[in-house]
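The following exercises concern the structure shown below. Each task is followed by a solution in steps.

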Amino acid sequence: MTKDEKKPLEQTLGEWKRFIYNPGSGEILGRTAESWGLILLFYLAFYGFLAALFTFTMWVMLQTLSDETPKYRDQISSPGLTIVPKPPGALEFSLNISKPATYENYIDAIKEFLREYEGKKQEHLLQCRNGTFFEQDNIFPKKTCKFSLETLGPCSGLNDVNFGYPDGNPCIFVKMNRIIGLRPQGEPRIVCAVKEGTEVNLATFPKDGRLDLMYFPYYGKKLHVNYRQPVVALQVQFQSYNQEVSIECKIEGSPNLRNQDERDKFLGRVAFKISLTQ
Amino acid sequence: MRAAEILARDGPNVLSPPKETPEIIKFLKQMIGGFSSLLWAGAVLCFIAYLIEFSKDKSASLDNLYLGGVLIVVVILTGMFAYYQEAKSTNIIASFTKMIPRNALVIRNGEKYEIPAEHLVLGDIVEIKGGDQIPADIRILTSQGCKVDNSSLTGESEPQFRSCEVTHENPLESKNIGFYSTTCLEGTATGMVINTGDRTVIGRIASLASSVGHEKTPIAIEIEHFVHIVAGVAVSIGIVFFIIAICMKYRVLDAVIFLIGIILANVPEGLVAAVTVSLSLTAKRMAKKNCLVKNLEAVETLGSTSIICSDKTGTLTQNRMTVAHLWFDNEIYQADTSENQKDQIFDQSSATWTSLSKIVMLCNRAEFKSGQESVPIMKKIVMGDASEAALLKFSEVVMGDVIERRKKNRKVVEIPFNSVNKFQLSIHETDDPNDKRFLLVMKGAPERILEKCSTIMINGQEQPLDESSVKAFQDAYMELGGLGERVLGFCHLYLPEDEFPDNYSFDVESMNFPTSDLCFVGLISLIDPPRSTVPDAVIKCRSAGIKVIMVTGDHPITAKAIARSVGIISANSETVEDIAKRLKIPVEKVNKREAKAAVVSGMELKEMSPEQLDELLANHTEIVFARTSPQQKLVIVEGCQRQNAIVAVTGDGVNDSPALKKADIGIAMGCAGSDAAKIAADMVLLDDNFSSIVTGIEEGRLIFDNLKKIIAFTLTKNIAELIPFLIFIIAGVPLPIGTIAILFIDLGTDIIPSIALAYEKAESDIMNRKPRHKKKDRLVNHQLALYSYLQIGILQSVGGFFAYFTVYTVQGFKPDLLLYLRPLWENDSLNDLEDSYGQEWTKYQRQYLEWTGYTAYFVAVMVQQIADVIIRKTRINSVFQQGLFRNKYIWVGIASQIIIAVILSSGFGSIPVLNFTTLRIQYWFVAVPYAIVIWLYDEFRKLLVRHYPGSWWDKTMYY
């Protein structure tokens, strides 16, 4: 049939040309300038209206929220654990004590991390009572408890500025994610265990890896400006070189802090590997 | 045996059935072309995208793999559904045709055998008699008053004589050839088989059908157009964002993944299923109204029809001779020709009527088949020819128990009708015991009957047949003949008792009784009357802008009369001949433009060039083709198609099949149709009634409108599914909605509402507008695309984003933080990402929040799609004018949307791959304001369209 016949190329080109600009009717892309004007005006108005609608609804929504505390904490009922320093990619440290380049970055990262806890930076902070929540719901501005580096023993950096790395006893810091209003039950502590590898001893500081309750609850970064997160230091004391160990740290001693989620490998626990060579 | 050899050589004497497409091909055909090609392309892209991702990262997300799989499953399932639907209607058709094995009486070696007709071979001598179907093309050797009905071949409905003389060079015209599949009406003949099987004349016509190409259906063209639009939009957006992604320093491979993702997001996965189901729902509805559609796409074709070429006999008419007029006492009376003939209102008090009714009753050989006591008179089967049957039924209706009356007037002798005498005569005893006279009754061709009369009965009195009564007779005869009716004359004579005592022995051979100087009683004219529903249907067609052309093998006068009575030629329009007659000028001098109507005979058509035919079709709105052969139907159909019309053609015979196939929609007759016609056709009329076509057209137009609504509904949320991905690319926010959730919208929540739109009633009288213009009234026009994509679609996206931002904000991530957060957000080893409030999140906690975002966005789109389905109920009227609750299925659809979303969000959806989370109850209502805005905005659009027809707004916003 005729409709299947291919139009000659010139004709097709001509049609396209006429579509792009038709001198007869003054149409550009099938519309007159006036028509294009109207269309653009219409869409300008329409999208202007949409933008206004969106802005208005967002504004109303934001009005219902507080600046200090998020409305819900549905997804973060229980905190995750992370370590400092953090190897790039997977959590696998590969240390060679004869090659400082393999751990210099980690030392720098630790120093950076501990700067907040230096004595002079905590001078104006409170010395709180151990073992109880530091409730200050009605106190403004919120006060912060001191976290003393001394409790971290050999990992405090006060005596050993290299945090044991050149000696084959690297310090790794375990921290628990901040969650506003979290009040751990019982006596939460970080317990680390060697999963693979034998000739290694683990030492946690403060004693037993305790996270003192006085650092809870957290009131959010706006209210709780100088908040110091409690940290647990883990010193991995290698008994011999040239071995790889897998270590898992978990929160224990607190029924409301979960540490066995199947899908979230960092909920209340953290696992990492260290290989040490000479 | 020689016969066996020839049989082996030539094959059996049967028409090879039209080539049926193998089932597997039919099945596969459902899965290519149109929408399906879009989905296949999408599936291939999915796999490519997955391979790219997999080559990069062995643990790549399987989403693309799932999507590809789902696309293929959708295509296959929809294909299976469509195949099943069509196979079902094909089966219904097949059950109509029961092959009756036919036998032929053959003389071989001087002995008569009865053998199956298919074993006939060239050179066989066969015997045929009245009522037989001629078993092959034969040359007549001997004939005793043999008459055949060649109507299925040539269209001539009058019986044709067959003798052994060659009367014409053209075998079709020659009297000594009997054709395969025609029937012998009366007499006997012997003939020699000269052609068998496919080599017969009818066989050659039938094989012509397979060489006629089938055109693409209009809806297929529309869907192709739609696919082009969608593909164009998808590819353009894809390429634009590919370039943007490259400029934003994404890696090329990532940009390619984005490109594929964008194209995929544009594929309307659910639409093919929704369209197929909607078409089959309409097909089902049509089947209830006696239109059985074989090919789902033909459902819509019927709606776009602009010309119907209709058969006369059986389609427009009742296909039975019926008494139409009576003339006695110098007056024409009209008889009721409706299907039940209940209201015979003519004057039955005259004594002339008493005499006439007696003749009608007695001079008639037709009888009811026994055992039909409970059947209504009109439905009873009669043995006898059509005219006699008509008269028998007429008498039965008017006078009651004819058989009983005939018994009382015992028949003494009779001469059956034959074409030499042109009359039929019988002599009866009277039912009056005191009247010992015999009554001679006679009927026949009016002029022959009049010749035999010397008196005429007026008001029961015999009067001499003077010039004025002859003139009155002539006038009445002309008038009734001019109505296209078959006129019969009736006369009688009471034989004087003294000459013909009751023991007189009548002899037919010597004709020892008077056959002249009879008393003329009256005329009765017969016609195959129009079906009573047809005139309304024709009026409907006319107001719907559909041209109805009658194509018949009948005589032009009859054809014209029927055309007038059903309105194909309207009361005040004239043909060229009418004008010539009125103005008393020669036909050549008439200005052809003045004549709206035209009656063209097959002979005239044969002489016409295609240009002349085009001119005829273009200049006349009311056309009747008479005395046409079925082959000429093909010429007419092609002529109509040259006018850019969408042509529907009815047909029943084998020889109609080329035209049926050529037509945009071929309509075969369910009762009278041959297998070949049914196979070639797209649709079968179960009741053979023209008005069923019109109801079919109504459904076809409705589904076209409703498909527009369905597509508009479906396209809208496509944008709401695409924008998140675009924002994700350019603003680096966490992904607002994932592939699986999109699939659950397309193939879950949206399926039932979109199908429900197929049940929407018409907004205004769809039979009052012109048929849609093939090129201008597209299924998907730019108004529809722009309104759905750029207005409602964008509005919906904004609503979705509002829900998305709400969820993130209330959980701690404010919108400003989200911008360009993606590299950190998606970092697997970052398990202490800080939110806007200083809290820290593990990767999985963020992931879970992201899924909650998907769910919220999904629910927002679902909520707004509820508004969308409501606004799509109408395109111009307010939803309230249409009735919010009139279409119950819409509410079923809305309920299904909500139920599916609730199920997904309430735990079921949290199984690993699906990634739905449980939403806090208030998030379900976040998008409600947007849904309300959609509804209000569309009502506003419709209001302006209604109030300012033809305005810029109307042209831009009405789809």
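**Exercise 1. Determine how the radius of gyration of chain A compares with that of a compact globule of 278 residues.**

Solution. The model is predicted, and the comparison rests on its C-alpha atoms. Step one: the globule rule gives a radius of gyration near 19 Å for 278 residues. Step two: chain A has 31 Å instead. Step three: the extents of the C-alpha trace along the principal axes of chain A are about 90 × 55 × 35 Å. Step four: as to secondary structure, chain A contains 3 helices and 11 strands, in the order α-β-β-β-α-β-β-α-β-β-β-β-β-β from the N terminus.

**Exercise 2. Establish what confidence the predictor assigns to each chain, and where caution is required.**

Solution. Begin with chain A, whose mean pLDDT is 87, with 96% of its residues at 70 or more. Residues 1-5 of chain A have a pLDDT below 50, and this stretch makes 4 contacts in the model beyond near neighbours in sequence. Where pLDDT is low, the predicted coordinates should not be read in detail. Turn next to chain B, which has an average of 86 and 97% of residues scoring at least 70. Within chain B, helix 5 (residues 151-154) has the lowest confidence, a mean of 68, whereas helix 33 has the highest, 95. Finally, the scores of the model are ipTM 0.91 and pTM 0.84.

**Exercise 3. Describe the interface between chain B and chain A in terms of residues, area and polar pairing.**

Solution. First, count the participants: chain B contributes 50 residues and chain A contributes 49. Second, consider the area: about 4300 Å² is buried between the two chains, and carbon and sulfur atoms account for 58% of this. Of the area that chain B buries against chain A, 17% comes from B:Tyr837, B:Glu840 and B:Trp952, more than from any other three residues.

Third, examine the pairing across the interface. There are 7 salt bridges between chain B and chain A, and 25 residue pairs are in polar contact. One salt bridge joins the side chains of B:Arg920 and A:Asp74, with an N to O distance of 2.7 Å; this lies within the 4 Å cut-off.

Fourth, locate the contributing elements of chain B. Those giving two or more residues to the side that touches chain A are helix 27 (782-811), strand 28 (840-841), helix 30 (843-871), helix 33 (928-947) and helix 34 (952-957). Helix 27 gives the most, with 14 residues. By class, this side of chain B comprises 25 nonpolar, 17 polar and 8 charged residues.

**Exercise 4. State which parts of chain A are linked by the salt bridge between A:Arg183 and A:Asp137.**

Solution. Start from the distance: the closest N and O atoms of A:Arg183 and A:Asp137 are 3.7 Å apart. Then place each residue. A:Arg183 is in the loop between strand 6 (171-176) and strand 7 (189-196), and A:Asp137 is in the loop between helix 3 (104-114) and strand 6. The pair is 46 residues apart and thus links distant parts of the chain.

**Exercise 5. Identify which backbone angles of chain A merit inspection in the loops that follow strand 8 and strand 9.**

Solution. Most residues other than glycine have a negative phi, and most peptide bonds are trans. Step one: A:Phe205 and A:Pro206 are joined by a cis peptide bond with omega about -5 degrees. Step two: a cis peptide bond also joins A:Phe216 and A:Pro217, with omega about -10 degrees. Step three: A:Pro206 lies in the loop between strand 8 (200-205) and strand 9 (231-238), and A:Pro217 is likewise in the loop between strand 8 and strand 9. Step four: A:Asn242, in the loop between strand 9 and strand 10 (243-252), has a positive phi near 55 degrees.

Terms used. Residues numbered from 1 in each chain as written. Chains lettered and ligands numbered in written order. Predicted model: local features only at pLDDT ≥ 70, side-chain atom pairs only at ≥ 80, totals over all residues. Heavy atoms only, no water. pLDDT = per-residue confidence, 0-100. Contact = heavy atoms within 4.5 Å. Buried area = accessible area lost by both parts, 1.4 Å probe. Polar contact = N/O pair within 3.5 Å; in protein donor to acceptor, adjacent residues only side chain to side chain. Helix = DSSP H or I, 4+ residues; strand = E, 2+ residues; numbered from the N terminus. Nonpolar A, V, L, I, M, F, W, Y, C, P; charged D, E, K, R; others polar. Rg over C-alpha atoms; globule rule 2.2 N^0.38 Å.
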